[in-house]
Amino acid sequence: MTTTDSFLHVTDTTKQGETAGWLRVLAALRKLPLGLVLAWLVLTTVVLWAAMPWLFTAYDPLQGTPGGQLKAPSAAHLLGTDSLGRDLFARLVYGAVHSLSGAIAAVGVGLIVGSALGLVAGSARGRVDTVLMRLVDVLLAIPTLLLSLSIIILLGFGTLHAAIAVGATAIAGFARLMRSEVVRVRNAEFVEAAFGSGGTFARVLWRHILPNSLTSVIAYTAVQFGWAILQISTLGFLGYGAPPPTPEWGLLIAEGRNYLATAWWLTTVPGLVVVTVVLAANRISRSIGRSSP
Amino acid sequence: MTLYVFGRIGQALLVLWAAFTLSFVLLQALPGDAVLIKFLSPDFGLSADQINEIRAAYAVDSNIFVQYGRTLFNFLKGDFGYSLQAGVPVSAQLATNMPPTLRLAGLGFAVAVLLAVSIAFLSSMAPFAWLRNLLQSLPSLLISVPVFWLAIMLIQIFSFRLRLVSVINPGPWESLVLPVATLAVPISAPLAQILIRNIDEIRTRPFIAVARAKGASEARLLWKHVARNAILPALTIAGVLFGELVAGAVVTETVFGLNGIGGLTEKAVGNQDLSVLQAIVVISAAAFVAINLAVDLAYPILDPRLRNRAGVER
Amino acid sequence: MLRFPKLFTLSLGLLASATFATASLAADTPVKGGKFTYLEQQAHTNLYPPAGGFYPNGGILNQITDKLTYQNPKTLEIEPWLALSWQVNDNATEYTFKLRPGVTFSDGTPLDAAAVAKNFDTFGLGNKALKLPVSEVVNNYDRSEVVDPLTVKFYFKKPSPGFLQGTSVIGSGIVSLSTLALPFEQLGDATKIIGSGPFVVKAETIGKSLSLQARSDYNWGPAKLDHQGRAYLDEISYIITSEDSVRIGALLAGQADFIRQIQAYDEAQVEAQGFTIFAPSTRGVNNSIVFRPDNPLVSDLKVRKALSLAVNRDEIISTLFSKNYPKATSVIASTAIGYVPLVDKLQYDPEKAEALLDEAGFKPGADGIREKDGQKLVLTSYESLPQPQSRAVLQLIGQQWAKLGVKLNVLAGDAGSKVVDELDPLKTPVAVAMVGRADPDVVKSQFYPTNRNALVQKGGVSDKVKTFADDKLNSILEEIASQPDREKRLKAVADAQTYLLDQAYSVPIFEEPQAFAGAPYVKGVAFESVGRPSFYSVWLDK
Amino acid sequence: MSPVQAPVLDVRDLVLSYRQGDERAAVVHGVSFTVEPGEVVALVGESGSGKTSTAQAVIGLLAENGRIDSGTIHLNGEDISRWSSRRLRNIRGAVVSLVPQDPGNSLDPVMTIGAQVRETLEIHGRLDRREADRQVIELLTSVGLSEPALRIRQYPHELSGGMKQRVLIAIAIALRPALIIADEPTSALDVTVQRRILDLINDLRREYGTSVLLVTHDLAVAADRSDRIIVLQGGRIQEQGRTEDVLAAPQNAYTRKLLSDAPSLATARPRPPIEPGRPIAVTVRNLVQDFPLQSGKTFRAVDDVSFTVARGTTHAVVGESGSGKTTTIRAIAGFQKPTGGEIRVGDLDVRSLRSEELRQFRRKVQLVYQNPWGSLDPRQTVQAIVEEPLLNFDPLPRDQRQARVRAMIDRVGLPAALLSRSPHALSGGQRQRVAIARALVLEPDVVVLDEAVSALDVTVQAQILTLLAELQRDLGLTYVFVSHDLAIVRQIADTVSVLHNGRQVDYGTVDEIFSPAATAYTRELIQAIPGRKFPRAAFDRPPLAAAGPLS
């Protein structure tokens, strides 16, 4: 009932003249929850940081000003400087690309491997399903942090390797979700109807099962994105993250914590940035989860 | 029913064995070994020959299959081997480190459940809409905070600035306040999210309307009808929460400098103290498997709908 | 709501510091008793005395064991302790010690000639069955002889001039026969270490904390100290607190009395609040970076020279450190024995550095990084956790080198990868080096292939080295370890310093102190000659 | 029922609205009616008519975003329309109670039956535990539940749908309220159960003198069971009056349409008999279908069912839930391999088909599902849905393919503008038309319809049935039609199989089945069909098109 009504309402408004086009956009935006708008704003800003950091700061993130170290936040250095006299804001801005790409790579690994596992398990069923899902159980049974640390030691240090290590621990979650979604969708009548229309297994999988399973997987991906940022920064904290002087956020928090007694901003601000970005990712995930039909 | 129970136990043992094997392979693949790491330290100033002798004495270079067989056999006997780094048997290390971790994890979990349940129920009962909204978004915030950062901040604020609790030489309960708070945050958040979602979902069910039509008050609805139905499905994430608990314990114990399995893990990874790591993996995997098994077996008892699942077919 | 208690605590703090100030005006008579909380950065690894070179190990051993001799940290003279007197033959192959009577281990057994002989037999020869390694301070050891219950004599195969000083170091703490009968791996358990020191291990939580109790019958401290008899403190609580911010925060918040590893950037704040900084010199090889010439990138002397010239020590010290961290003027510290100032070999000259790199054939590439025959001049080094701000120092050196077109990767790896990679010159062409010991032998310890082998020469533990070995250097180092004549020995030390800098194997940066901080009421803190704390004379003025 | 007595319920000018985003949408516009003591008033309307909202407002259970904008609701003389929820609590259950729509989901799954019935007594705080238990057993006995002492310790999932509805009725009558609101109390139940439940409500009403507000979409039920009828459409009352009067002489056009569209035995006109000698399109012989159980045993869902369907005719498979009717047709459509017996469609033996043959077989047999909300992929457009079967088989050029899709959409009576819409933007009837278009686009011989109209409102139902008949006539289709609704079956089918517990109890032409010669079970089914009070053939309605031609 309500969906139909709101749909009709939307079509009505689109019929109005184009003169007030941007007003309508504004009105639509106003209808969005404020939190969601802020979340997108945060994510857009951070993506811009990653893409064009030079637009946001004139300082070099790697070359500090010797003698200008550990300066408190001021007009010249918005967020102060670190122990080598590097501008913290510049390091945050330039670090976005490392943290984001790390998180994206991690989620990518989990998404691709996990979803593939889940898709196969959920659509093949039977013995294949049992074996794959027990395998996932094994992955879950090994403490995630221990697993990521071992993988990093095995692969060597670096942003990418940390991402893979985090991604490996995300596989199980994706696999489970994908499988349950596939099983749910597989049992839907429209899937049987698609087989009834003469669809082959591959076509039905591609046309119906996959697209209908994806909404929750995408919502989960957004959550995992935030989670991956946290995990990568935790690895950085434990000394297994990106090598210095990479201004990766986790490393910023980790390095900054030693200066807490003297320069509290060095760890507090990057921490708040991470919280904000993860929060934004979670908020967006919720909105994706809700919009699913 | 017994067939089902035995089947589940068999599967659990299989998962445990696979976790042991996977971790064994993973750990063996790590570069270096504990002997090298320990004795190569320049503080000993040992020569190459001396180190080779020590390596031989610890038999670290024997065939990997032999080692696997021996380790597995020893584990089955309950012998976890010897920690090269600490110079004590692993079982002794576990004996000293397990109780504090169990205490921390147990309390952390209890506080987390309490927190999650209060957030979830208050978020649907609180008097003002803005308060309800605030409470509903609280779990998102809690889940977004890096645990180690939170720990550092809590210490700075509550111990060093406000001087409310001492982190050095604290009393037995004082020592737990901040770590438990730290640990509870990442555990409570997903739990609260699930509870909120379940509560929202249960509240739309027809039987709630029927209970309302009986004249039930909101409190009665919540406690008698919503609560039980909403909490039951949350049990299924107990295993996952346990994983969070282990990861949280590593970070918490590291930051607070507490002794426990988490701190032990962190050090053992750094020193590649394989026998310690292997023991930790097996123990946590066993705990994970046991928790999931317990949930699986207890679920039918708690949920009447599943009670006669294996008996009469519906 | 929050503001009020904050104000309250603040005023309380002011009040407290005011009381402290008045208290410190009181007479400086040591107060007996009290519990002392000491925050250590890292857990001890093993308490076999020769393993005491590791600071956390030494910090404990220094309280629970006594040594034959006492090296006066001010004069570096060797003074009596457990040995009342000693004799050395001319070519330093025979040492005779007269022991102090009435000394007992904490388990009640006597500390006599037999016990001392067994200790040095073990330190000098090792014990394969028990996996006990040889001490790095005992060179060319042959055998011992118990002359009478209070006289012990040691024989050496070759001259061992460093042995007398060697008896005064942490690594030569005397432990009971029962301790020496234990296999190496059990010596990680502090409660099993039975010494004769002023404190006894009461309880231990491995990796976390240690509780020491004063021995009330202790009466054999170093003879020339003012303080004799038992320790003033009743109890010392060692707590491993690896977080820098927690250690400093706890000290300032009054939760701890004394901490190790306070970083230079916190010094100002600590002193501003009336706390005391202690930065005893370690008198050994300076905090340096060293090259592994087996790696073709740094096999050319010109390259090493250039990199050395491009290091701006003043900038490093002014940015990261304080007055407690003097600029290096040679390979070893200016307070070390055998030090020769070599300032002219440690200049900062970026232009010359560039010229040398050009000469060596490394030309700037498209990305600004120099390359030669397709090989980019990209170097890698692990940070060294025990060294102060090692990561920051390396990053700053990396910045300085970057101006030259040289890239330095700084790794912060796990202990395992670090140990393995450090053996491979191809993986770690650059490393951080530092060792403290108040004897010229320290230079040999640092660079000799079968010791710490800082340059990773062939003949050491590593099987990754292809060719590199510097026989000339090694022969100088051997000379240091075996030359009985003091003058000739010091000459060898000077030669070693000159040679190491001429070859640009080592780039000394600063003289590394051990930095401690104590609460204002902590009095009588002393340090042995290389900066390990001794709490024997500590008392609490509160 | 004397007019002097005050009405139990007096609703005046009730306006209800729901908040949607920033705006409010009114769903009930000024509804006024009364319910006298002891009277049954039926609130009749299709989905979206506002009948349920009105009933919810009376018991104060409007959804959170709903609101009474104006008007009054007098219950026993007191206006409760402005009462706080706290105050409303005191009358809920005690003065006014509810028999809900969906017995399957209306009992708390983790609470015993006893506790749930007792709860009403507890809330209105009267008794100690033992006395309460005694009353609970008494109540369960009075609603005709067998073994009440056992039932109070059971959980809802252990009870059948009809038993659950009895429990819910016991809850509703526990405190002898003045008014019971019965919101579609039987629409989720089989006809025979439906009849017993409605009888029960009627008996209890008579016994206790309680008034009933019966909310239903089923005019037949309303006709049989109510004293007065209120017809709602679009939130407005179209007509209200004594049931006999409204049925006999409806004043309002909408009411007339409802009456003519409502399927009922009385109004349904059987199709002309089919001429003998038509070729056989579908043969089912000795069909047996077993399902393995977890315990290792097997459950026999279909046991020895045989029938044939002549080409161009409609065969109805009739039965209550669990009778095996759906299993039978799924086997025909090739979605299940029968355990035993034979199924032939044309000259194909369905049992022997392997995967690719099975796929080709789909061109001949198509299935239309009961629920048009679940059988269409929510992510596809109408165009893509109808086009998909063509993509699976005929490598037609794009423009030809689209032309066929457009033609088919037009054939099922949908405007071409809908092609770009997605299913959730369509009404239920439109969706079912799309599902039919998808089934027909391959030009199959046989269409299997699984309760294809039972989820739809009566007016829509009538339209779809008409469409199906037309398509059969024009395209010569053979239908296998599954239904629980004998009234519809009588209208559309030529031959009928009646299934009961997996066995075929009756098989023959429509006339034979509806004749007294049928078995007792079939007769019971027919007896249970509501709508007996409908005036016989009062509204003329053309019979559905006759069986299709032989093409």
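Where in chain C is N140(C) found?

1. The model is predicted, and the opening question concerns a residue of chain C with an unusual backbone angle. N140(C) sits in the loop between helix 3 (113–125) and strand 6 (141–148) of chain C. Although N140(C) is not a glycine, its phi is positive, at about 60 degrees. Its surroundings hold 18 other C-beta atoms within 10 Å, so N140(C) is classed as partly exposed.

2. A504(C) also deserves a look, since this residue other than glycine has a positive phi, near 50 degrees. The loop that carries A504(C) runs between helix 15 (486–502) and strand 20 (506–510) of chain C. A504(C) counts as buried because it has 23 C-beta neighbours inside 10 Å, the cut-off for burial being 20 or more.

3. On confidence in the complex and its chains, the predictor assigns an ipTM of 0.78 and a pTM of 0.80 to the complex. For chain D the mean pLDDT is 84, with 94% of the residues reaching 70 or more, while chain B averages 80, with 86% of the residues scoring at least 70. Each of these two chains has a stretch to be read with caution: in chain D, pLDDT stays under 50 over residues 536–540, for which the model has 7 contacts beyond four places in sequence. In chain B, pLDDT stays under 50 over residues 309–314, and there the model has 9 contacts beyond four places in sequence.

4. As to how the chains are arranged, 5 pairs of chains are in contact, and chains B and C share the most contacts of these pairs. Chain C and chain D, by contrast, are joined by no contact, and their closest C-alpha atoms lie 36 Å apart.

5. The interface of chain B with chain D brings 20 residues of chain B into contact with 29 residues of chain D. On the chain B side, helix 9 (206–213) and helix 10 (218–234) each supply at least two residues, and helix 9 of chain B gives the most, with 6 residues. By class, the side of chain B that touches chain D is made up of 9 nonpolar, 4 polar and 7 charged residues.

6. Within chain B, a helix pair can be described in some detail. The axes of helix 5 (residues 90–125) and helix 12 (residues 261–271) of chain B come within 8 Å and cross at roughly 130 degrees. Helix 5 of chain B and helix 12 of chain B are therefore oblique to each other, as the angle falls short of the limit of over 145 degrees for roughly antiparallel and lies outside the range of 65 to 115 for roughly perpendicular. Helix 5 of chain B contributes Q93(B), N97(B), M98(B) and T101(B) to the contact, and helix 12 of chain B contributes I261(B), G262(B) and L264(B). The residues of this contact of helix 5 with helix 12 of chain B divide into 3 nonpolar, 4 polar and no charged.

7. Chain D is divided into two domains, of which domain 1 covers 38–50 + 84–264 and domain 2 covers 279–364 + 446–452 + 476–529. Taken over C-alpha atoms, the centres of domain 1 and domain 2 of chain D are separated by 34 Å. Where the domains meet, 7 residues of domain 1 of chain D are in contact with 11 residues of domain 2 of chain D. The side of domain 1 of chain D that touches domain 2 of chain D has 2 nonpolar, 3 polar and 2 charged residues.

8. At the start of chain D, Q5(D) lies in the segment before strand 1 (9–20). With 10 other C-beta atoms within 10 Å, Q5(D) is exposed, because the limit for that class is 12 or fewer. Leaving aside residues up to four places away in sequence, Q5(D) touches E36(D) and P37(D). The C-alpha atoms of Q5(D) and E36(D) are separated by 7.8 Å, although these residues stand 31 residues apart along the chain.

9. Chain A, finally, has 11 helices and 0 strands, so that from the N terminus on its elements run α-α-α-α-α-α-α-α-α-α-α. Of the 293 residues of chain A, 57% count as buried. Among contacts in chain A between residues at least 6 apart in sequence, 68% join residues at least 24 apart.

Methods. Residues numbered from 1 in each chain as written. Chains lettered and ligands numbered in written order. Predicted model: local features only at pLDDT ≥ 70, side-chain atom pairs only at ≥ 80, totals over all residues. pLDDT = per-residue confidence, 0-100. Domains from an automatic or database assignment. Nonpolar A, V, L, I, M, F, W, Y, C, P; charged D, E, K, R; others polar. Helix = DSSP H or I, 4+ residues; strand = E, 2+ residues; numbered from the N terminus. Axes fitted to C-alpha atoms, helices over the stretch in contact; angles between N-to-C directions. Parallel < 35°, antiparallel > 145°, perpendicular 65-115°, else oblique.
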